[in-house]
Amino acid sequence: MAPYQSLLNMRTLAPFGVSSLYVIQTLCSVSTLPLGTFVTNCHERNFWLSIKSSFLGQRVRFDIEDGSGIHFLSRQRAAECGYTILFDHHGNLVLRASYLACYVDNKADSEFRLQVWFVSRQAGGSVRAYPLHLHCILPLPWSHRDIICEENYMEVSVKPQIPAPHNHSRKWIDAPPMSSEEKKRLKQEGWVIFYRPGDVQQQRWTVREVLSLGYVIGITDFHVLLRCPYFSPQSHRFMDKEVLVEAVSAVLLLQRQELPTVVDVSVACTINNALVDREHLVWSSPLVLHPLVHGVFQHSSVRLGVGSEALSGCSVRDRGYQVTANNGVLQARIPFGADGTLARAVELDGRLFKVISLDLFLMREWRDDLWPLTQQRTFRLLHSPYLPHTPEVINDTVCSENVFSITVGVFPWEMSFKTLYIGGEPVSWPEAKNQALHISQIHHKNGSYSYQLRVPFSYSSISQKRIRGGYRRLSLAFILTLSLTPSAKEFNYSATVVCDVKEADSAPWLEGRCRESGVQVLLHYGSRERPWELYVGGRRLDWELVELGGFELELEEDYLSVELPLFAPGMTYENITLQSLVAKVEGSVVELDTVQVQHSLTQRCSFPVRDLLVCLPEGRMVVVVDTSRTLPPTTPNSTTLMDPSCGPSQTDSTRALFNFSLNSCGTTQAMEGDYLVYENQVVYTPDLQPTKEPIIHRHSPYRLTIQCRFPANHTDLASFWHPVNSSLSLPLSLKEGHRSKRRLPPRSFRKGLRPTRSLYGWKD
C-alpha cells in the first residue's frame, strides 16, 4: 500500500449521552475532503458515522480493523457483530456500531475505540480507502439491562448478579469483573436454554452450538451479552396490542466462583413500521413487552431523538412531537412537515406520490421485580406508505392592495421549478419583472419548500369580467410546472384565484378580434346604468340583420360577442389581391338618452384567397378564378370578361383576378323577383387562323358565368360572397354556443333599464 499522509481533524461534541469524540483520518492519496464529508458522533451506546451522499463512489464498503487484522463486513456478519449500514432519508451512507460490537477496543466497559476503513470504488475503476479512528467515552453508567433494537439485529447486555451478603441491604448485587479464566470457561462449558411460549420441553445448547446458529454470546469485564439478527432460528413472533413483536427468550448457565449462575439474556423488539393517521406518522409499541418483564411493571420515562440528535423535552414540544401511553400502547406521533421529517417525491405509473420519513430514536426505561432498571433503545427509519401528492394553495390576497398573493406547496426537495404559466401563456421573466411579478421560494426545516407568487392586478394575462352589483372579477389562472429529479419528468399544478373589486363608473366599449372565418366584435357593457344600441357596419344590430348575415351571437354576463362571417353585411374590403384580402368592420355603441357615440371601433383582418367572388355595395365585382381545372389547363393571362378589352388586373400561374364596375365590361342586368341580378362571364376563345396545312390545337375554350344578386331595396347595404366552385376553403359554419333562435319583431339590440327590455340577459 502507498505511504499514507495523515490528516488530523479533532472535534469535541457534547450531545445527550456523549462525552467526547476524537477522529483521526488517514487518506490513501493526497486530497482535500470537502467540509462535512464525514460526520461522526457518539450517541447513547453507539458509534455513529455518516458519509455525505455526493462523496460516494459507484460501490462502497466498510472494513473493520483490530489487532488480529482487517475484517470485511458482509450483511450477515454486520448483523451478528452489532453493525448497521444503511442510507438515511437524505441519501447519506450511515454506519452505526454498538459499543459492545465485535472488533471494538473495550476498556472496562467505559472507553471504546473503533478503527473503520471506508472503501470506495470510483467511476473510473480506481479504489480509495479512508481509515477513520473512532473514540468514545461513556458519560453515564450502564443500567442493569441494556437492550438495543436496531434495524438489522437485537442486542441485550446485562450485569450478572450474585446473592448479597447477609448483612447487605439488597438481596442481589453486581458480580465482580470476570477473570480471563472465567471467560474462557464460559465459552467452553457454558450452556444456553431457549424457550418459547407453549413449548413443553426446553432446548439446551452449548455456547459453541449457539455461536454456530448465528448468535453472539459476549463476555466483557462487567457484562454478558446476547446478539442476533432478526429471524434467528430460536426467535418467535407474536402480536401484542395489534403490534408485531419479535423475541428471543433465553437464559445463560455459567459457573462463577464455583457457584452456578443463571443469567436471563432474553431480548424483544417491536418491528412494525409507521402508520399514517391524518397528517401524522405514528409508531407504536406495546407498553409492556411481556417476554422482558418479571412481576410488577413500573414504566419510568421515554426520550426521543432524530438521527444522531437527542432531543430535550422542550425540543420535542416545539416540534410538535407527542409520546403517549394509552390502553397498554406506547405511541409516538410525528406531524408531517415537522422539523426532522423529510418528504420525498416518488413517481409511480405516471402519478406523483410523496413519502414522509423520519430517522427515529426512542429510549424507554422501566423497572420490574427482577430488574432494577432496564433501558431499551430503538432505532427505526420510518416511512409512510405512498401518499398522493396534493399541494395546497393558500390565497393571502387582499383585494384593496391590487395584487394577488398566493402560496403553493409543500413540495418535496427532489422537485425543482421549471415554468410558470399565467392565463395559458408562459411567463417571460424579463417582461414579468417589468410588470412587477415576483416568485420566491420558501424553505422549510425538513428540506421541503413552497413557492410564493405575487402578481399585480395590472398584469397583462389576468382576465377580467363584470359581475352583478357593480363589481369586476379579476381571475388569476396559473400553472406551476416542476421537474422531478432524477427522472426529469414534469408535473403541473394549476389553480385559479379570484378577487372581486368595486369598479368605478365606466362606459361601454368595443373590442375587435380576427377569427379564422370572420371578424368578432366584443361589446363590453361597462358599469353605467344607461340604455344603448350597437351599430355594425353603419347599421343598427337587430334580429333581421343577424339572420340576414348569419351572425353568431354569444351572450355573457359582462359582454356581448358578435361574429361576422367573411363577406357578411356590414363588412367592407380593402386591398384585394391574389394572395389575400383585408376585411374591415366598423362598429359603434350609441347611448340612447344622449344619442352620443360612447365608443367606436374599426377592425381590419386579413384572409387568404383561393377562389373568390365579392359583390361590393359600391357597385363593383371582384372575382378570382382558377383556370387550371380545364383539360388542358387555360393560361390565366389569356382570359377576359365579356368585353375583350377587360382583362385580369393580376395573374399568376393558375389564377386570374378581375376587379370591375357593374356597369362595365359587358355586364348585364336583370330583375328576378325581389333581387337585382348582375351577370358577366370569364372567357377564353382560342384565336384560330386559317392555314393551308392542318394543325393540332392544344387549347380549349373556357367560359365561367359570374353573378351578383342584390336585394332591390337594399343595394347600398348588402354585401354577399358566392364561391366560384366547391374548392373554396373558407368554411362559415356557425359556432355551438349561445346564439338565440328567438323570433322578434325588427328591433335594435339595446341595453335597457327594465329587465323585460333587455336582449342581453342583463338585469338591474
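The exercises below work through the cysteine links, the salt bridges and the overall make-up of a predicted model of one protein chain.

**Exercise 1. The chain as a whole**

Task: Find how many helices and strands the chain has, and what percentage of its residues is buried.

Solution: Begin with the secondary structure, which comes to six helices and 61 strands. Next turn to burial, where the chain has 764 residues and buried ones make up 49% of them. The accessible surface of the chain is about 37,700 Å², and carbon and sulfur atoms account for 51% of that area. Finally, consider the contacts between residues at least 6 apart in sequence: 60% of these join residues at least 24 apart.

**Exercise 2. A disulfide between two strands**

Task: Decide whether the sulfur atoms of Cys42 and Cys136 form a disulfide, and describe where the two residues lie.

Solution: The first step is the distance test, in which two cysteine sulfur atoms must be within 2.5 Å. The sulfur atoms of Cys42 and Cys136 are 1.8 Å apart, and a disulfide joins these residues. The second step is to place the partners along the chain: Cys42 belongs to strand E3 (residues 38-43) and Cys136 to strand E11 (residues 127-137), so that distant parts of the chain, 94 residues apart, are linked. The third step is the angle about the S-S bond, which is -90 degrees and makes the link of Cys42 and Cys136 left-handed. The last step is burial, for which a relative accessible area under 20% is required. Cys42 is buried because its value is 1%, and Cys136 is buried because its value is 0%.

**Exercise 3. Further disulfides, and a cysteine without a bond**

Task: Describe the disulfides of Cys149 with Cys269 and of Cys615 with Cys708, and then explain why the sulfur of Cys228 is not bonded to that of Cys269.

Solution: Start with Cys149 and Cys269, whose sulfur atoms are 2.0 Å apart and form a disulfide. Cys149 is in strand E12 (residues 145-149) while Cys269 is in strand E24 (residues 267-270), and so this pair ties together parts that are 120 residues apart in sequence. The link of Cys149 and Cys269 is left-handed, with -85 degrees about the S-S bond. Both partners are buried, Cys149 with a relative accessible area of 1% and Cys269 with one of 0%.

Continue with Cys615 and Cys708, which are joined by a disulfide with an S to S distance of 1.7 Å. Since Cys615 lies in strand E53 (residues 612-616) and Cys708 in strand E59 (residues 702-711), this pair ties together parts that are 93 residues apart in sequence. Cys615 and Cys708 are both buried, and their link is left-handed, with -90 degrees about the S-S bond.

Now consider Cys228, for which the closest cysteine sulfur is that of Cys269. The two sulfur atoms are 8.5 Å apart, and therefore too far from each other for a bond. Cys228 is nevertheless buried, with a relative accessible area of 0%. Counted by the distance rule, the disulfides of the model come to seven.

**Exercise 4. Salt bridges**

Task: Compare the burial of the partners in the salt bridges of Arg377 with Glu44 and of Arg344 with Glu414, and name the network that contains Arg377.

Solution: In the bridge between Arg377 and Glu44, the closest N and O atoms are 2.7 Å apart. Arg377 sits in strand E33 (residues 374-383) and Glu44 in the loop between E3 and strand E4 (46-51), so that the bridge links distant parts of the chain, 333 residues apart. Both Arg377 and Glu44 are buried.

In the bridge between Arg344 and Glu414, the closest N and O atoms are 3.6 Å apart. Arg344 is in strand E31 (residues 341-348), and Glu414 is in the loop between strand E36 (403-411) and strand E37 (415-422), so this pair ties together parts that are 70 residues apart in sequence. Here Arg344 is partly exposed, because its relative accessible area is 30%, whereas Glu414 is buried at 8%.

As a last step, the network that contains Arg377 also holds Glu44, Arg45, Asp146 and Arg303, which are linked by salt bridges. The salt bridges of the model come to a count of 25.

Note on methods:
Residues are numbered from 1 along each chain as its sequence is written. This is a predicted model: local features need pLDDT of at least 70, side-chain atom pairs count only at pLDDT 80 or more; totals for chains, interfaces and linings use all residues. Side-chain values use heavy atoms; hydrogens and water are left out. Helices (H or I, at least four residues) and strands (E, at least two) are DSSP runs, numbered from the N terminus. Buried means under 20% relative accessible area, exposed over 50%, partly exposed in between (1.4 Å probe, protein chains only). A salt bridge is a side-chain nitrogen of Lys or Arg within 4 Å of a carboxyl oxygen of Asp or Glu. Contact means heavy atoms within 4.5 Å. Accessible areas come from the Shrake-Rupley method with a 1.4 Å probe; for residues, only the protein chains shown count as cover.
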